[in-house]
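Student: Please examine the interior of this protein closely, cavities included. I should like one connected account that also says where caution is due.

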Amino acid sequence: MTVVLPAYNHASYVVEAIESVRAQTFTQWELIVINDGSTDNTWAVLQDYIGRCGDARIQLHTQANAGSHATLNRGLAMAQAPYLAVLNSDDRYAPHRLQRLVDVAQTAGSDVFIVTGLRLIDAHGEPLPTEHWWNTMYKDVLQRWYACPASAQNPAVDVLLWGNFTVSTSNFFMSRALWQKMGNFRRLRFVPDWDYALRVAGAKPKAFHFLADEPLLDYRLHGRNTILGGALHNHAEAYWILRSFQKKWASEGQRIPPEAIDRLHYLARFIRHEHARQQLERQKTGWVQQVDALRAALDETQAHESHLSEQVEHWQAQAQQSQAQVEHWQAQAQQSQAQAVHWQAQAQAQSWQSVAEQIQASRSWRLTTPLRALGRHVRTLRRKPQALVRKLVRRSKLAQTASATSAYGQWLQSEAVHLKSLHQQASQCIADLPSQPLISIIMPVHDTPIAFLQAAVDSVRAQWYENWELCICNDASGRADTLAYLQALQNGPERRIKLVHRSTSGHIVHATNDALALAQGEFVVFLDHDDQLAPHALLRLAQASNAPSAPDCIYSDEDKLDEQGQRCLPLFKPDWSPVLEWSQNYVGHIMCVRRTLLQSIGGFLKGSQGSQDHDLVLRLALQGARFAHIPEVLYHWRMHAASTASSPESKPYAHEAGKQAVARHLSARYGAQFDRVEDSDYTFVYQPRFLLPEGTLASIIIPTKDKAELLQACIQSIHRHTVGLAYEILVLDNGSTELATQACFEQLTQDARVRVLPADMPFNWSRLNNIGRSQAKGQVLVFLNNDTEIISPDWLLRLAEHALLPDVATVGPLLLYPDHTIQHAGVVVGMGGWADHVFKTEQVQHYPTPFISSVVPRNVLANTGACMVIATERFDVLGGFDEAFEICGSDVELGIRAHKQGLLNVYLPAARLYHFESKTRSPHVPEVDFQQSALKYAPYRLAGDPFFNPNLDPLATSPKPKFPETPWPRALTIGRE
């Protein structure tokens, strides 16, 4: 048999655990020990002990920290024996445990799962007294086991729904055949044992054996134990497991014992009270610290004030003496000055008077009188434009000052500090790279202004990472200065610069492919002939290329260079977002591609001129390329009169080329389900459309309680504006009491498409909508608030088209407040500390922004439940809304759950509704919703939303640059089709 021992930071106990296996009376075992990235000296202890004991039955492995669930799964997968056991590195077996369990297993059949009684020990290995609180709790669980009637169909489930008598994975013994059927441990930190035991007991009740009277395991209670180290999280995880299992168990028609429901309520109460207690404790600690700080500051201020008072009195005495002396000197000086001025003025006046009289008496003065009059008019005319110029200069200086203090100006200052530090570390960063790939920079050139071209080349030469080559194709330039500069490069000493010349212009596609033919690098980077690379660009690309995820395509954030060469207009991008790439080529610059992959698809596509880079990204995605995003500004895109950076309308043919590229991509990706690509109101922004199966029905689910006027307006707007798709409306009446509401229901149900379903129970948004789904007939579900009204007639058609794509989960529209400002344009998890709507209260407009425009379709981590559309089949597979949330949060949790399963959540601004922001419910959010959010928004609530950007202020709903506290590099997020 095989024993799996995951070890993490148990240097004091791990040897004792291993020796308890070696002391077994049953000797036909192998022991797989896996060090899960311990940060103490556990690994050293293991190496020393295994080396000294020389037991060939023990295998020793180590890994980066992956968590107990992953370590267990790895060890069990390595095992080959027919029976499997687990022992955590701080527990120990009784000497005859394995022999006893093997004997039971051999008489129980192929599927067997056994747990035993246990003994609680302290950090020193001594048994804890029977009156210890944990022993009391365990005794209570055992009593429930003994009290189970003989007629109970599944006593293990009945008791496990109240308490976890298995206690620990150390207590698990199972046949390999059963493990293969049940699968791996799920990703749980605190109670994976409880979850796995419930799964086994529910699916294989006859295989489950509990030897309650045989304490064959010593379970250690100490400071690092999860029971002592995380009561709140422990209970929250247990609540989620029990609630999920009860829901599944009930759906299968099984009975839920009343004690189990009481246990669930107890856990919920404990979570609420413990969370409140911890908050009060933190507040108390904060208040004490503040009072101590204020007292210290007051004492320091009083001492400083006393010292200043003494100095002031001394200075005042000196000042009074000095003042008297100064007043005496001033009186004398004023008397002397007045006399001197009088004499000087008198003499000067007499002199000027004499000269003036001589000039005016002259003949030339009289003859030039007309010319002097004309001169006065000319001077008057000149003063006006000079005044205008002075005014513009003042405004320009003010604008430059404002720019320096702007959000991006402050971001650039922080970046400069960071880059200074990074430059000092660059050599070591490069030396630490496992591989230093050659990076080929591809630059097509055609009649580039010499200043722009030289700046572009100089930005390559200034790279901190030096393993590069610059491959230039001169696309039949005619400018003498351009040709002279290229010739100087070709004849110069820099052998890393390669050139090829075309005799006739092939334009951007052919010129780029010709430059690409020169490349020998592992990766290729595209640089326009008038743009610039940041000095650390290639270093970052080299670091990203070495990531364990082995990306094929790497892109970064970017900004613009204005006509004075100043950096402005940053674009901080999300991680790989396929829906956004269909709508707009957000990948842009910098773009780095594995050369072998680029060669395999033939480089740039002939005929894609003007949107060749957009077409390339889409073709790479179709090949399954792995995309990685570096959230740093590595590319500076120059704005001038002929560039699309300055004006998208400067190359109108490019818009049509991009539209064709998107159509080719979606046709290959979705086949007959793809219909067409429509133009939006903005250049280079596209709106893909898809076909719906014939007979598609949408079920619109609207929970409500009274407020008949809102509900009636909502449903009337649906009837009045919705076109293109059949629908039914299910109104969930959550305990309405007003007569006007009943009259409204009677009126609404005269339309056969409307049904009113009674749901008189305590308000739970998730449960109400899950009930609505159970009664829905449509292939598409629309979860809609009663305080919404339709704006765009094809809203439902557009949302349903995307929702029925095979890889899409939720789809959400653009929601507007009554004043036409934005209420919802996608949810950002972590914004404001929890989750919020980006662009909230902003105007709907397509404008330069440090983030993606609010009018462009894009990927999001979640959509608001105020209007959320999802395929019925997808909703069922995901398991519906999580009813552990009472009022808010389950819409976000559903999106996160879908994302973790590889599905897309889509924000679609072409579909528009008004939202009057939950007018039928209180804004109060119960504590349990905060607890559930803290548990289930992980890891994105704290680590960041992949579809936002760490360079944007997470506390501001209006995208605003803010330099991240933890700059890149960090773990790369890889996206692929």
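**The interior of the model**

Tutor: Leaving aside neighbours within four places in sequence, Thr-169 is in contact with Leu-72, Val-86, Asn-88, Phe-185 and Asp-193. This threonine sits in the loop that runs between helix H6 (155-160) and strand S7 (173-175). Although Thr-169 belongs to a loop, its relative accessibility is 7%, so it counts as buried, the cut-off being under 20%.

The wider setting is as follows. The model is predicted, and it comprises 30 helices and 32 strands. Of the 977 residues of the protein, 52% count as buried. Among contacts with a separation of 6 or more, 79% are made by residues 24 or more positions apart.

We may now turn to the enclosed spaces, where the search gives 2 cavities of 30 Å³ or more. The largest has a volume of about 100 Å³. Its lining consists of 16 residues, and those that lie nearest the centre are Trp-411, Pro-631, Glu-632, Asn-951 and Phe-963. Two or more lining residues are contributed by helix H14 (407-431) and by strand S17 (627-638). H14 gives the most to this lining, with 4 residues. Sorted by class, the lining of the largest cavity contains 9 nonpolar, 4 polar and 3 charged residues.

The second largest cavity has a volume of about 40 Å³. Around this space lie Tyr-686, Gln-687, Pro-688, Arg-798, His-802, Pro-857, Leu-908 and Ala-910, which form its lining. Strand S19 (686-690), helix H26 (795-803) and strand S31 (904-915) are the elements that each supply two or more of these residues. The largest share, 3 residues, comes from S19. By class, the lining of the second largest cavity has 5 nonpolar, 2 polar and 1 charged residues.

Helix H26 merits a further word. Of its 9 residues, 9 are buried, so the helix is largely enclosed by the rest of the structure. The buried set is Trp-795, Leu-796, Leu-797, Arg-798, Leu-799, Ala-800, Glu-801, His-802 and Ala-803. Arg-798 and His-802 therefore appear twice in this account, as buried residues of H26 and as part of the lining of the second largest cavity.

The cysteines raise a separate point about the interior. Cys-867 has a relative accessibility of 0% and therefore counts as buried. The closest cysteine sulfur to that of Cys-867 belongs to Cys-714, at 9.2 Å, which is too far for a bond because a disulfide requires two cysteine sulfur atoms within 2.5 Å. Over the whole structure, the search finds 0 disulfides.

Finally, there is the matter of confidence. The average pLDDT of the protein is 86, and 81% of the residues score at least 70. In residues 226-230, however, pLDDT is below 50, and this stretch has 13 contacts in the model beyond near neighbours in sequence. Residues 374-405 also stay under 50, and for them the model has 5 contacts beyond four places in sequence. Where pLDDT is low, the predicted coordinates should not be read in detail.

Conventions. Residues numbered from 1 in each chain as written. Predicted model: local features only at pLDDT ≥ 70, side-chain atom pairs only at ≥ 80, totals over all residues. Heavy atoms only, no water. Buried < 20%, exposed > 50% of the residue type's maximum accessible area, 1.4 Å probe, protein only. pLDDT = per-residue confidence, 0-100. Contact = heavy atoms within 4.5 Å. 1 Å grid on protein atoms, 1.4 Å probe; cavity = no way out; pocket = protein on both sides within 12 Å on 5 of 7 lines; lining within 4 Å. Points joined across faces, edges and corners; volume = space filled by probe spheres on them. Nonpolar A, V, L, I, M, F, W, Y, C, P; charged D, E, K, R; others polar.
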